[in-house]
Amino acid sequence: MARQTILNKTMNNEMPNNEIIASDISTEDYNTICNKVLDYILSFTNEDETTQKNFILKREHTNRVTGYSEVLSRNLGIEQDDVLTAQLIALMHDIGRFNQLEQYNTFNDSQSEDHAQMALDIIREKRWINNLPDHVQEYIIKAIYYHNKLFVPKNENEKTVLHSRIIRDADKIDILDIAIKEYQKKPGDRNDKFTLELEEKPQTTKNIVKAVINGKLPDKKNLKTVNDFKLMQMAYVYDINYKKTFSIINQKQYLKQLFDSLPKNDDVFEAYRKTKIHVENQLI
Ligand SMILES: [Fe+2]
């Protein structure tokens, strides 16, 4: 299932005509990393139904983000090594989530550990990428570290910025997709781990609303309610890097669906209006 899907996908992408195209990343190294990472992912199982569902949620998220990273990379027309690097980054970007859930029973970094740092600790300990050239290792490590930070430092090297942008966009597309499906569920069926165990009440928090209206991505640390979480997801559009991503967001009507799931008040209308205009401006 998840393993087969990712492997088929990555192998097909990598060697369309059984030819080795990549130069910095060998076919053997690439496949070995995929196999090891997938073995690790599939080693997480739990008798508790909710925990098992969340392991599967993260497996499937990993799979789809790998696909989105490929779509964005190919759309950018970057070289094959970078497409493969982007896919490896996607494959490992949330590898810390499995340990985080098992150890702390939460996806909330503020109540546990930074899951990007957890990913890097696992990658180092398992030595998955040690055979890759140093510069490729550096892009992978840095892009994973930056994937969940508020911003990517401007003084980073060009390739690190590229890979950080790809994973941040690909990750956001799939988070928005999961979010919309989550908010359409009946209250009793919802996954409170996804919404970081935030309070399910009608209120929104002033500084979150203010950030969204002012064109800024709110800091996750300030979230108090599930509605704040939804507003933060609307504000993801301020942190999107590529036109292709805007076009996917527009096509899938994520903003409208987030808006539909929120209580209707002036703050929510204004947040929707501002974020919608932002997307439309990017698509002109
Ligand atoms: Fe993540």
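This is a short tour of one predicted model, moving from its two domains to three pairs of packed helices.

**Stop 1: the two domains**

Start by colouring the chain by domain. Select residues 2–172 for domain 1 and residues 198–282 for domain 2, as the domain assignment gives them. If you place a marker at the centre of each domain, taken over C-alpha atoms, the two markers sit 26 Å apart. Where the domains meet, 14 residues of domain 1 are in contact with 13 residues of domain 2.

Now turn on a surface. Between them, domain 1 and domain 2 bury about 1,200 Å², and 58% of that area lies on carbon and sulfur atoms. On the domain 1 side, pick out Leu150, Asp169 and Lys172: these lose the most area to domain 2, and together they account for 44% of what that side buries.

**Stop 2: α2 and α4**

Next, select residues 27–42, which form helix α2, and residues 80–92, which form helix α4. Their axes come within 10 Å and cross at roughly 15°, so α2 runs roughly parallel to α4. The crossing of α2 past α4 is left-handed.

Show side chains to see who touches whom. From α2, display Tyr30, Ile33, Cys34, Val37, Leu38 and Ile41; from α4, display Leu84, Gln87, Leu88, Leu91 and Met92. What classes of residue make up the contact of α2 with α4? There are 10 nonpolar residues, 1 polar residue and no charged ones.

**Stop 3: α3 and α8**

Move on to helix α3 (residues 49–76) and helix α8 (residues 158–183). Here the axes come within 8 Å and cross at roughly 130°, which means α3 lies oblique to α8. This crossing of α3 and α8 is right-handed.

The α3 side of the contact consists of Leu57, His61, Arg64, Val65, Tyr68, Ser69, Leu72, Ser73 and Leu76. Facing them from α8 are Leu162, Ile166, Ile167, Asp169, Ala170, Asp171, Ile173, Asp174, Ile175 and Ile178. By class, the contact of α3 with α8 has 12 nonpolar, 3 polar and 4 charged residues.

Keep Asp169 highlighted for a moment. This α8 residue takes part in the contact with α3, and Asp169 is also one of the domain 1 residues that lose the most area to domain 2.

**Stop 4: α9 and α13**

For the last stop, select residues 206–213 (helix α9) and residues 266–282 (helix α13). Their axes are 8 Å apart and the helices pack at an angle of about 30°, so α9 is roughly parallel to α13. Look along the pair and you will find that α9 passes α13 in a left-handed crossing.

Which residues of α9 and α13 meet? Lys206, Val209, Val212 and Ile213 come from α9, while Asp267, Glu270, Ala271, Lys274 and Thr275 come from α13. Colour the contact of α9 with α13 by class, and you get 4 nonpolar, 1 polar and 4 charged residues.

Key
Residues are numbered from 1 along each chain as its sequence is written. This is a predicted model: local features need pLDDT of at least 70, side-chain atom pairs count only at pLDDT 80 or more; totals for chains, interfaces and linings use all residues. Side-chain values use heavy atoms; hydrogens and water are left out. Axes are lines fitted to C-alpha atoms, for helices over the stretch in contact, and angles run from 0 to 180 degrees between N-to-C directions. Helices (H or I, at least four residues) and strands (E, at least two) are DSSP runs, numbered from the N terminus. Angles under 35 degrees count as roughly parallel, over 145 as roughly antiparallel, 65 to 115 as roughly perpendicular and the rest as oblique. A crossing is left-handed if the near helix is turned anticlockwise from the far one by less than a right angle, and right-handed if clockwise. Contact means heavy atoms within 4.5 Å. Ala, Val, Leu, Ile, Met, Phe, Trp, Tyr, Cys and Pro count as nonpolar, Asp, Glu, Lys and Arg as charged, and the others, Gly among them, as polar. Domain bounds come from an automatic or database domain assignment. Buried area is the accessible area (1.4 Å probe) that two parts lose on being put together, summed over both.
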